[in-house]
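Open the model in your viewer and keep the selection tool ready. Each stop gives a selection and then what to look for.

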Amino acid sequence: MKKRKFKLWYYTVSHKQALLRSIGRENSKNIDVYFGDVSYIELPTVMDGIEIVKPTLEDEVYINRKIENSNQKITVLNVGDKKFYIVSSVVKIMRNNLSVFELPFDIV
């Protein structure tokens, strides 16, 4: 995923969902990273190459200063020399051939 451009494709506060998408080119598939039950999000709308890494103790301290008493998963996205964060209960990585207007989940 380091060589692909990702965009914050969808985010809704009311349903606590976020979707990062890398559009497939030619014969490649889309890569979607879905987050459910999102309680905190700190990232740009466009990222060139992402690497999902395990949070360090420093990351956990940083997030705990932002939101208190969260038992949710901290997802750390390395983009170049910067770190970005999403705190959620659900993280799913999917490959698909969905069109630009389709989402890999239902909207209520």
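The tour below goes through a predicted model, stop by stop.

**Stop 1: the hairpin**

Select residues 5-12, which make up strand E1. Add residues 17-22 for strand E2. The two strands run antiparallel, and five bridges join them. For one facing position, pick Tyr-10: Leu-19 in E2 stands opposite. Now go to the turn. E1 and E2 form a hairpin, with four residues between them. Which residue in the turn has a positive phi? Select Lys-16; its phi is about 55°.

**Stop 2: the other partner of E1**

Keep E1 on screen and add residues 46-48, strand E5. This pairing is antiparallel too, over three bridges. Pick Phe-6 and look across to E5: Met-47 stands opposite.

**Stop 3: an aspartate in E3**

Select residues 30-36, strand E3, and pick out Asp-32 there. Is Asp-32 buried or exposed? Its relative accessible area is 0%, so Asp-32 is buried. Next, show side chains and add Arg-21. A polar contact of 2.6 Å joins the side chains of Asp-32 and Arg-21. Then expand the selection around Asp-32, skipping neighbours within four places in sequence. From E2's side of the chain numbering you pick up Leu-19, Leu-20 and Arg-21 as contacts. Further along the sequence, Asp-32 is also in contact with Lys-92, Ile-93, Met-94, Asn-96, Leu-98 and Pro-104. Leu-19 is a residue from the hairpin stop, where it stands opposite Tyr-10.

**Stop 4: a valine in E8**

Select residues 82-88 for strand E8, and pick Val-87 within it. At 1% relative accessibility, under the 20% cut-off, Val-87 counts as buried. Now add Tyr-40 and check the C-alpha to C-alpha distance. Val-87 and Tyr-40 lie 5.0 Å apart in space, with their positions 47 residues apart in sequence. Leaving aside neighbours within four places in sequence, Val-87 has contacts that include Asp-37, Val-38, Ser-39 and Tyr-40. Others among them are Ile-63, Ile-67, Ser-70, Gln-72, Lys-73 and Ile-74.

**Stop 5: a surface patch**

Switch to a surface view and select Met-1, Ile-52 and Ile-93. Together these residues form a nonpolar patch on the surface, with about 230 Å² of accessible area. Where is Met-1 found? Look in the segment before E1. Its relative accessible area is 33%, so Met-1 is partly exposed. Finish on Ile-93, which belongs to this patch and is also in contact with Asp-32.

Notes
Residues numbered from 1 in each chain as written. Predicted model: local features only at pLDDT ≥ 70, side-chain atom pairs only at ≥ 80, totals over all residues. Heavy atoms only, no water. Buried < 20%, exposed > 50% of the residue type's maximum accessible area, 1.4 Å probe, protein only. Polar contact = N/O pair within 3.5 Å; in protein donor to acceptor, adjacent residues only side chain to side chain. Contact = heavy atoms within 4.5 Å. Pairing = 2+ DSSP bridges. Patch = residues over 30% accessible without salt bridge, like charges linked within 9 Å, V, L, I, M, F, W, Y side chains within 5 Å. Areas by Shrake-Rupley, 256 points an atom, 1.4 Å probe, with all protein chains shown as cover. Salt bridge = Lys/Arg side-chain N within 4 Å of Asp/Glu carboxyl O.
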